[in-house]
Amino acid sequence: MTNGYGRINIDELEDLAAKYGMGEIGEARYVREDVGAERIGLSFYRMNPGKRTGFGHRHKEAEEMYVVLAGSGRVKIDDEILDVGPRDVVRVAPAAMREFEAGPDGMELIATGAHVEGDGETVEGWWTA
């Protein structure tokens, strides 16, 4: 990018949850290339009431922070489950397994962190209880 910045509205981004048959969970929109970012990324999730993301994930290098924008829910990090609500910020170390679950009103959250190509590992069915 020659102007030193990028700008986009999250609602303009493709909903990848719907694209990959996960629309019942909610929406997932990813911001990086659309604004010309090379080393950082941002993800927006709008989760339907009572739904989980469907898989746990962790990283080798990328530390992440999550910000709950609206609604409420829970996050499981390794063996601990935390309640979360509006404006709560949760930092997760790279190696910690994590997964989110929306409460009865659903939940909107943003995840942000360094972009490291090929860094993530997903585990389906990780949070079973």
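**View 1. Arg52 sits in a loop between two strands.** In this predicted model, you'll find Arg52 in the loop that runs between strand E2 (40-47) and strand E3 (55-59). How far is Arg52 from Val123 in sequence and in space? In sequence they are 71 residues apart, while C-alpha to C-alpha they are 13 Å apart in space. Setting aside neighbours within four places in sequence, Arg52 has quite a list of contacts: Ile25, Met47, Arg74, Glu99, Phe100, Glu101, Trp127, Thr128 and Ala129.

**View 2. Arg52 meets Trp127 through both backbone and ring.** Zoom in on Trp127, one of the contacts of Arg52. The side chain of Arg52 reaches the backbone oxygen of Trp127 at 2.8 Å. Arg52 also lies over the face of Trp127, 4.0 Å from the ring centre.

**View 3. Lys76 lies over the face of Trp126.** Now look at another pairing of a charge with a ring. How many Å separate Lys76 from the ring centre of Trp126? The answer is 4.7 Å.

**View 4. Tyr30 and Tyr45 make an edge-to-face pair.** The structure has two aromatic pairs, and this view shows the one formed by Tyr30 and Tyr45. Their rings are 5.9 Å apart centre to centre, with 80° between the planes, and that arrangement is edge-to-face. The two partners come from distant parts of the chain: Tyr30 belongs to strand E1 (residues 26-31) and Tyr45 to strand E2, 15 residues apart. Is Tyr30 buried or partly exposed? Its relative accessibility is 35%, so Tyr30 counts as partly exposed.

**View 5. Tyr66 and Phe100 make a tilted pair.** Here is the other aromatic pair, Tyr66 with Phe100. The ring centres are 4.7 Å apart and the planes are at 50° to each other, which makes the pair tilted. This pair, too, links distant parts of the chain, with Tyr66 in strand E4 (residues 64-77) and Phe100 in strand E7 (residues 98-114), 34 residues apart. Tyr66 is buried, because its relative accessible area is 4%. Phe100 counts as buried as well, at 5% relative accessibility. You've met Phe100 before: it is among the contacts of Arg52.

**View 6. Arg46 and Glu108 tie two strands together.** Side chains of opposite charge can pair when their charged atoms come close. Ten salt bridges turn up when the whole structure is searched, and one of them joins Arg46 to Glu108, with the closest N and O atoms 2.8 Å apart. Arg46 is in strand E2 and Glu108 in strand E7, so the pair ties together parts 62 residues apart in sequence. Arg46 is partly exposed, with a relative accessible area of 28%, and Glu108 is partly exposed too, at 23%.

**View 7. Arg29 and Glu27 pair up while buried.** In this salt bridge between Arg29 and Glu27, the closest N and O atoms are 3.0 Å apart. Are the two partners buried or exposed? Arg29 is buried, with a relative accessible area of 12%. Glu27 is buried as well, at 19%, since buried means under 20%.

**View 8. Arg91 reaches Glu63, and a network links other partners.** Arg91 forms a salt bridge with Glu63, and the closest N and O atoms are 3.1 Å apart. Arg91 lies in strand E6 (residues 89-92) and Glu63 in the loop between E3 and E4, so this pair ties together parts that are 28 residues apart in sequence. Arg91 counts as partly exposed at 48% relative accessibility, and Glu63 is partly exposed with a relative accessible area of 42%. Which residues are joined into one network by salt bridges that share partners? They are Glu27, Arg29, Arg46 and Glu108.

**View 9. Stepping back, the chain has one helix and eight strands.** Read from the N terminus, the elements run α-β-β-β-β-β-β-β-β. The radius of gyration is 14 Å, close to the 14 Å that the globule rule gives for 129 residues, so the chain is as compact as a globular protein of that length. Along its principal axes, the C-alpha trace spans about 50 × 30 × 30 Å. Of the 129 residues, 40% count as buried. Take the contacts between residues at least 6 apart in sequence: 68% of them join residues at least 24 apart.

Methods
Residues numbered from 1 in each chain as written. Predicted model: local features only at pLDDT ≥ 70, side-chain atom pairs only at ≥ 80, totals over all residues. Heavy atoms only, no water. Helix = DSSP H or I, 4+ residues; strand = E, 2+ residues; numbered from the N terminus. Contact = heavy atoms within 4.5 Å. Polar contact = N/O pair within 3.5 Å; in protein donor to acceptor, adjacent residues only side chain to side chain. Phe/Tyr/Trp six-rings, centres within 6.5 Å; stacked < 30°, edge-to-face > 60°. Buried < 20%, exposed > 50% of the residue type's maximum accessible area, 1.4 Å probe, protein only. Lys NZ or Arg CZ within 6 Å of the ring centre and 35° of its normal. Salt bridge = Lys/Arg side-chain N within 4 Å of Asp/Glu carboxyl O. Rg over C-alpha atoms; globule rule 2.2 N^0.38 Å.
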